[in-house]
Amino acid sequence: MIKPTEKIWHNGRLIPWDEAKVHVLAHALHYGTSVFEGIRCYDTRNGPAMFRLREHVRRMFESAKIYRFGDIGFTQEEFAQACVDVSVVNGMSSCYVRPIVFRGYGDVGVRSLNNPIECYIACWEWGRYLGAEALEQGVDVCVSSWTRIAPNTLPAIAKVAANYMNSQLILMEANQHGYTEGIALDTQGYVSEGSGENVFLIRDGIIYTPPLGTSVLPGITRDAIICIAGELGYPLREQAIPREWLYIADELFFTGTAAEVTPIRSVDRIAVGAGRRGPITEHLQSEFLAITSGDAADRFGWLSYLPTPAAAVA
């Protein structure tokens, strides 16, 4: 359960947590017309810092553009600053930040271009999404019977609430059968992604990940791992991955804001490699966590450091 903080940002002002309410006839509640992001703020050795804040805000604005939200009333820079402000005012050094933009109360028809646009940003404490031990031990997953949304139905590159009904089916099915997570295939039968994570596969020292054309969200952490792998000299290919490669991979891992870099130790009860975190996964994971903890230099410029509460007031 979420542990409430003191303030939530709403349309340019900070309001008490309990006053952040939405009308029961808000368009987003009935039709899924909301775009959102999930941003981690890490408690680094140099102070609290948000991971790739600008990239997350940009993706949210692009999602809103795809769904014709029009002018939401704030620039990307203003929205990024609001993410910082709500974290600082709540005194958070490590948290999960959730900005969301949606069509509010007005017309209840499917067409909603005249509905008001509502903007909120909340933050709260959040630990490891797939469990604290998952980063080292890995997780057990299955191939879902649910495929990812087909091209030209719902745009997969938009992070929109409606898409996550598909994700819920994938995850609920996996959990019901005793797995931590599910991996979905695309409509052509190639590996797509997890319910909320991108997938990477390693075979013979080469890293593979599905291309965006296989109905995957262009993950911010996915991009970070691609950058880190390139810097470390690992060959990486974005290409279609057949399902059976999951069973004969040397290593597999998930990436995501919530999952970070999580090894996959089995697929459909078949052990991946030695059935534990592999050496390349561990190398990439350690480099990623070193950057986000401040133990390694922020050589990619990914961390946006928060001001201290005193500095913010001044």
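**Close-up views of a predicted model**

**View 1. Helix H8 has the length it ought to have.** With 15 residues (279-293) at 1.5 Å a residue, helix H8 should span 21 Å, and its end C-alpha atoms do lie 21 Å apart, so the two values agree. Keep in mind throughout that this is a predicted model. The buried residues of H8 are Ile 280, Thr 281, Leu 284, Gln 285, Glu 287, Phe 288, Ala 290, Ile 291 and Thr 292. An α-helix has 3.6 residues a turn, so residues three or four places apart point the same way. Right after H8 comes Gly 294, with a positive phi near 85 degrees.

**View 2. Leu 303 and Ile 291, from strand and helix.** Leu 303 sits in strand E17 (residues 303-305). With a relative accessible area of 9%, Leu 303 is buried, and Ile 291 is on the list of buried residues of H8. The C-alpha atoms of Leu 303 and Ile 291 are separated by 8.5 Å, with their positions 12 residues apart along the chain.

**View 3. Helix H2 and the turn of the chain that follows.** H2 passes the ruler check too: its 14 residues at 1.5 Å each should span 20 Å, and the end C-alpha atoms are 20 Å apart, which agrees. Its buried residues are Leu 53, His 56, Val 57, Arg 59, Met 60, Phe 61, Ser 63 and Ala 64. Just past H2, Arg 68 has a positive phi of about 55 degrees.

**View 4. Aromatic rings that meet.** There are 14 aromatic pairs in the structure. In one of them, Phe 61 with Phe 79, the ring centres are 5.9 Å apart and the planes stand at 85 degrees, so this pair is edge-to-face. It joins distant parts of the chain, as Phe 61 belongs to helix H2 (residues 53-66) and Phe 79 to helix H3 (residues 76-89), 18 residues apart. Both Phe 61 and Phe 79 are buried. Elsewhere, ring pairs tie Tyr 42, Phe 51, Phe 288, Phe 300 and Trp 302 into a cluster; Phe 288 is also one of the buried residues of H8.

**View 5. Two arginines over rings.** The charged end of Arg 103 sits over the ring of Phe 69, 4.6 Å from the ring centre. Arg 269 lies over the face of Tyr 179, with 4.2 Å to the ring centre. Arg 269 is in the loop between strand E15 (260-267) and strand E16 (270-271), and at 55% relative accessibility it counts as exposed.

**View 6. Positive phi outside glycine.** Most residues other than glycine have a negative phi. Arg 269 goes the other way, with a positive phi of about 70 degrees. Asn 152, also not a glycine, has a positive phi of about 65 degrees. Its home is the loop between strand E8 (139-143) and helix H5 (164-176), where Asn 152 is exposed with a relative accessible area of 83%.

**View 7. The second largest pocket.** This pocket has a volume of about 510 Å³. Of its 19 lining residues, Val 22, Ser 34, Ile 100, Phe 102 and Tyr 120 lie nearest the centre. Helix H1 (27-31) and strands E3 (34-36), E6 (95-103) and E7 (117-124) each supply at least two residues of the lining. By class, the lining has 15 nonpolar, 3 polar and 1 charged residues.

Key:
Residues are numbered from 1 along each chain as its sequence is written. This is a predicted model: local features need pLDDT of at least 70, side-chain atom pairs count only at pLDDT 80 or more; totals for chains, interfaces and linings use all residues. Side-chain values use heavy atoms; hydrogens and water are left out. Rings of Phe, Tyr and Trp (its six-membered ring) pair if their centres lie within 6.5 Å; planes under 30 degrees apart count as stacked, over 60 as edge-to-face and the rest as tilted. Helices (H or I, at least four residues) and strands (E, at least two) are DSSP runs, numbered from the N terminus. Buried means under 20% relative accessible area, exposed over 50%, partly exposed in between (1.4 Å probe, protein chains only). A charge sits over a ring if NZ of Lys or CZ of Arg is within 6 Å of the ring centre and within 35 degrees of the ring normal. The expected span of a helix is 1.5 Å times one less than its number of residues. On a 1 Å grid over the protein atoms alone, a cavity is a set of points where a 1.4 Å probe fits but cannot get out, and a pocket is an open set with protein on both sides within 12 Å along at least five of seven lines; lining residues have an atom within 4 Å of a point. Grid points are joined across faces, edges and corners, and a volume is the space filled by probe spheres set on the points. Ala, Val, Leu, Ile, Met, Phe, Trp, Tyr, Cys and Pro count as nonpolar, Asp, Glu, Lys and Arg as charged, and the others, Gly among them, as polar.
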